[in-house]
Amino acid sequence: MKPLNPLEIKRILIRSTNWIGDAVMTTPAMGVVRRFFPDAEIVVAANPLVAQLFSHHPDCDRVLVYDRKGAHQGLGGFFKFVGELRRERFDLAILLQNAVEAAILAALAGIPRRAGYRSDGRGLLLSHGVPVGAAEKRLHHTDYYLRMLSGVGIVGETGPLQLACTAQEIAEAEARLGGGQWLAVNPGAAYGSAKRWIPQRFAEVADRLAETHGLRVLLTGGPSEIEIGRDIAQAMTHQPLNLIGQTQVREMMALLSRCRLMITNDSGPMHVAAAFGVPLVAVFGPTDHTTTSPLSERARIVRKPVDCAPCLLRQCPTDHRCMEAIKVADVLAAAEELLAR
């Protein structure tokens, strides 16, 4: 494997992951790429949701949207995107996404250097491939991406999670919130219902913190979680600002960045809040907190050890005991600890 020479590489494509939380956890790796190739243009290719994360990001010069449900749908759309990449004349592709498709795209686009894990049977398509085994899969996701970079010789000082909003986005979020200190409650999780704590308990925690700390409550989440948000709002004594299903990714980023505290399931917005340094309480059930916990000293994880967790299932096939075991008092205690700091 020939060493990657920063003097020879002027244009870099980074193929991002497809989930918002995973994409946030790639940002320390993106920072290493920026520092290792200080003079190169860095372009991120991502789906429409993840692409919004990297707009105005300091370690990304441009974003290419790869929309498999829109402009790049089907085989014709795939080759359309291949053509777009080919016209860019990239010197290096860094494939943070593990799928074989990412390597096929880079190879067909004629990108001469293609770096990534040898996952999904794509080893022969990579010029700079890194073996992936049990040890790598046990790493926290941020370290998993950094490990791949170091495996191809891209090394440097590692920074924290990083996202950025514009001054206008912050001003619009502050106008929408209208003053006061805010508690963000994120009761959904895109991966599946097994990751969701009980809505009634979210409502009780939010009411208690509103009463004891004078916090105003913001409900956040995607369109698939509208019903959950409605149930929580109806159960609360203190009327929340329910914006579930009403924000784009960048609006959500700006709103969360202005919050005093967040209570959340293991989710994409959890990692967004961590990137902005927002104190947060994360409720973990079926997922593995050792690999996907929020990377922040201002985060507290609430979980209960049960025999069947982590199962990593989308829906619980039994009695959801990992989440049922987590009581309102457990989450309140973690929240009080953060608010006292």
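Axes here are lines fitted to C-alpha atoms, for helices over the stretch in contact, and angles run from 0 to 180 degrees between N-to-C directions. Helices (H or I, at least four residues) and strands (E, at least two) are DSSP runs, numbered from the N terminus. The model is predicted: local features need pLDDT of at least 70, side-chain atom pairs count only at pLDDT 80 or more, and totals for chains, interfaces and linings use all residues. Residues are numbered from 1 along each chain as its sequence is written, and side-chain values use heavy atoms, leaving out hydrogens and water.

Start with the sheet. Select S1 to S6: they form an open sheet in the order S3-S2-S1-S4-S5-S6, with parallel pairing (two strands pair if DSSP finds at least two bridges between them). S3 and S6 (128-130) are the edge strands, each pairing on one side only.

Next, select residues 41-46 and 62-65, strands S2 and S3, which are joined by 4 bridges. Val 43 is opposite Arg 62 in S3. Then select S1 (residues 11-15) and S4 (residues 92-95), also parallel over 4 bridges; Arg 15 has Leu 95 as its bridge partner in S4.

Now add H4 (residues 74-88) and H5 (residues 100-108), whose axes come within 8 Å and cross at roughly 55°. That makes H4 oblique to H5 (under 35 degrees counts as roughly parallel, over 145 as roughly antiparallel, 65 to 115 as roughly perpendicular, the rest as oblique). Show side chains: among those in contact (heavy atoms within 4.5 Å) are Phe 78 and Leu 85 in H4, and Ile 104 and Leu 108 in H5.
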